[in-house]
Amino acid sequence: MKQLLSLFLVLSLTACAAGPRTARDRTVTATEEHVTAQSGEAGITDPVREAEHDPASKAPLGAASLLPEEPVIPEDTPTAEAPSAPEEPSAPEDPAAPERVLDPSRPMVALTFDDGPHAEYTDQILDILEENRTVATFFEVATNLHKDPDAVRRAVDMGCEIGSHSYRHADLGKMSQEAIQADLAAADELFTQVLGQAPTLLRPPYGSINQALKTSSGRALVTWSIDTEDWLNRNTEKIVSSVQNFGNLDGQVILLHSIYDTTVEATRILVPWLLEQGYQLVTVSELLTLRFRQEVQTNHLYGYSLFRWQVPPLAETPVTPEAPEVLSAEPVSKAPIKVKLVLRETVPDESVRTELLGKDLLSLQARRL
Ligand SMILES: [Zn+2]
């Protein structure tokens, strides 16, 4: 059959079964991490502990200093002539839902913002994302939700992803399994009040993880691969340069915090810069499913070693001579999101358009998109 030049996913980021304002369901798969389970509950394992906004916290070195610098590999960053999928005359079922087109043959980056919501800055970050028609992931502290619940709902409506950052930012890696469960359940309750459902992604405060948390939290644990140290430097220029000087950013998860004006200003610079470099800004779940081609599974840790060292090669175009193997994807999760799949062929003006409604995005991931 005809060769496919490229394949796009148009994600209609509306929500799922539970109602108009639900956090999107995600589940996750995983690869591991360097979990060097220490004895008992103190086994903190992520190599990069999140130091965050409390400068007094003895965060070990930031990620950047832990990582050997990698030579910049010029990725093919097809900014110039990225196929313009928006030209496809799509029929928006839900005009309120923004449509984004993700091309698995192009590099992806996930911006993540922790510790919010902040009464002012979360909305300002959302403004920046909206102006650039893109998204990020927010790991919110449950007891902060009251500060701006509308911003959190707005984020979901924009297609952003909301993850839990615990109930009140406790060091879960030092807690017993029972205490962890109590903390997460209390957080879930507040998230459910605001969003209608609880997040499945969890970013442990400080990146602190013990064996109990890793294996039985019932969540997908997500850390990061680039620490901008925005909590420490409070300096827009340094935040920006930590990203711009990193090298190849494809597949990376960038740690930021939505509670500093300097981070907002850095975001204002970084978002358009990243887009100009040819990166697609995606949520963490999108990064895992579309770029890493993994299901998002609970009780797995997605962290530094995955994002930093296990980025798969970019899908090549033409991808595959076969059309939508994808269509036979089985849903792996109950809460579906609308996914519109657009296959573009080599023959101009001939495209195959397929809509998968009620299918879980995550079920698509393993299909070699
Ligand atoms: Zn935090």
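Me: Why is R291 called buried?
Reply: Its relative accessible area is 1%, and the cut-off for buried is under 20%, so R291 counts as buried. Bear in mind that this is a predicted model.

Me: What about D250, and what makes that residue buried?
Reply: D250 comes in at 4% relative accessible area. That falls under the 20% limit, so D250 gets the buried label.

Me: How do you know that D250 and R291 form a salt bridge?
Reply: Look at the N to O distance between their side chains, which is 2.7 Å. The test asks for a Lys or Arg side-chain nitrogen within 4 Å of an Asp or Glu carboxyl oxygen, so this Asp and Arg pass. The pair ties together distant parts of the chain, with D250 in the loop between α7 and β9 and R291 in helix α9, 41 residues apart.

Me: Why can such side chains pair at all?
Reply: Opposite charges can pair when the charged atoms come close.

Me: How do you know that D127 and R154 meet in a salt bridge?
Reply: Same kind of check: the N to O value is 2.7 Å, and with a limit of 4 Å the pair therefore qualifies.

Me: Which helices hold D127 and R154?
Reply: D127 sits in helix α2 (residues 121-131) and R154 in helix α3, 27 residues apart, so to speak a link between distant parts of the chain.

Me: Why is R154 called buried, and D127 partly exposed?
Reply: R154 has 19% relative accessibility, which is under 20%, so buried is the word. D127 has 33%, between the 20% and 50% limits, so partly exposed fits.

Me: Which residues does R154 touch, leaving out those up to four places away in sequence?
Reply: R154 touches D123, L126, D127 and E130.

Me: What makes E265 and R268 a salt bridge?
Reply: Their side chains come to 3.1 Å, N to O, which is within 4 Å, so the definition is met. Both residues lie in helix α8 (residues 261-276), three residues apart, about one turn of the helix.

Me: Are E265 and R268 buried or exposed, or in between?
Reply: In between: E265 has 32% and R268 has 37%, so with limits of 20% and 50% each is partly exposed.

Me: Which residues do salt bridges with shared partners join into one network?
Reply: D123, D127, E130 and R154.

Me: And how many salt bridges does the structure hold?
Reply: The structure has 10.

Terms used
Residues numbered from 1 in each chain as written. Predicted model: local features only at pLDDT ≥ 70, side-chain atom pairs only at ≥ 80, totals over all residues. Heavy atoms only, no water. Buried < 20%, exposed > 50% of the residue type's maximum accessible area, 1.4 Å probe, protein only. Contact = heavy atoms within 4.5 Å. Helix = DSSP H or I, 4+ residues; strand = E, 2+ residues; numbered from the N terminus.
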